[in-house]
Amino acid sequence: MSAGAAAIDALLPQTQCTRCGYPDCRAYAEAMASGGAQINRCPPGGADLIGRLARLLGREGLPLDPACGTEAPPRIAQIDESRCIGCAKCLAPCPVDAIVGAPRRLHVVITGECTGCELCLPPCPVDCIEMVPSETLGREPLLPPPDASRQRHRAHLQRLARRERERAGLLATRKRAAGTAATS
Ligand code: SF4
Ligand code: SF4
Ligand code: SF4
């Protein structure tokens, strides 16, 4: 019997890191449910997750696919306050909205919510975000609770979709206004 995407997604660590090659954990779960993806593509879940997926899906266990990365203890992002220029480029890429700050202001990471996905690193123009072992920032060496990360990711996607609708609405209003001005 094949398990559904929801049951598979419930096992995934919800870091939303994209290392599996899919845009988020849910997309990878859907690919596994449809038989289109192997069960060994999630480095944050590692060997333990592969074992649980193998049992759930009735498949053979496999070693972690090295093309996706290696298994390692969780790390979380820390922003060097002395170097942050407040450009806000790290905000949108964070899949769980764990960075707070406003344009031209210092940005900080909410350590209890950071999944360690590293997606905020490439957009930072001054390389002031560093990944550090979670325990050095007072957090247990564990990922945040998966259910909480899943909820934050859903809220993040909804916020992005709302912003896109607002942007499209604004563009349409401007186009209409420009058309009216041209014909008057
Ligand atoms: S934790 Fe990362 S690698 Fe694992 S399923 Fe989620 S997005 Fe993919
Ligand atoms: S702060 Fe950076 S590493 Fe942490 S969850 Fe957000 S994007 Fe990922
Ligand atoms: S991208 Fe880097 S410099 Fe810009 S706000 Fe984020 S941490 Fe600061």
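How far apart do the C-alpha centres of domain 1 and domain 2 lie? Keep that in mind as you open the view; this is a predicted model. The answer is 23 Å.

**Start with the whole chain.** Show the protein chain as a C-alpha trace and turn it along its principal axes: the trace spans about 70 × 45 × 25 Å. Switch to cartoon and you'll find four helices and four strands. Walking from the N terminus, you meet them in the order α-α-α-β-β-β-β-α. If you colour by burial, 27% of the 184 residues count as buried. Contacts are worth a look too: among those with a separation of 6 or more, 64% join residues 24 or more positions apart.

**Colour the two domains.** Select 9-68 for domain 1 and 73-175 for domain 2. Now go to where they touch: seven residues on the domain 1 side are in contact with 12 residues of domain 2. The domain 1 side of that meeting is a mix of three nonpolar, three polar and one charged residues.

**Next, ligand 1.** Zoom in and pick out its surroundings, which come to 16 residues. Label Thr15, Cys17, Cys20, Cys25 and Cys42, since these are the closest. By class, the shell holds 10 nonpolar, four polar and two charged residues.

**On to ligand 2.** Here the shell has 15 residues, and the ones to show as sticks are Ala77, Cys94, Cys114, Cys117 and Cys120, which come nearest. Colour the shell by class and you get 12 nonpolar residues, two polar and one charged.

**Then ligand 3.** Another 15 residues surround this ligand. Which residues are the closest to ligand 3? Select Cys84, Cys87, Cys90, His107 and Cys124 and you have them. The class count for the shell around ligand 3 is 11 nonpolar, three polar and one charged.

**Finish on the helix.** Select residues 146-183 to bring up helix α4, then highlight Arg159 within the helix. Is Arg159 buried or exposed? Arg159 is exposed, because just 12 other C-beta atoms lie within 10 Å, and a residue counts as exposed at 12 or fewer. For a last stop, draw a distance from Arg159 to Pro73: the two are 86 residues apart along the chain, and their C-alpha atoms are separated by 30 Å.

Definitions and conventions
Residues numbered from 1 in each chain as written. Chains lettered and ligands numbered in written order. Predicted model: local features only at pLDDT ≥ 70, side-chain atom pairs only at ≥ 80, totals over all residues. Near = placed C-beta within 6 Å. Nonpolar A, V, L, I, M, F, W, Y, C, P; charged D, E, K, R; others polar. Domains from an automatic or database assignment. Contact = placed C-beta atoms within 7 Å. Helix = DSSP H or I, 4+ residues; strand = E, 2+ residues; numbered from the N terminus. Buried ≥ 20, exposed ≤ 12 C-beta atoms within 10 Å, placed from the backbone.
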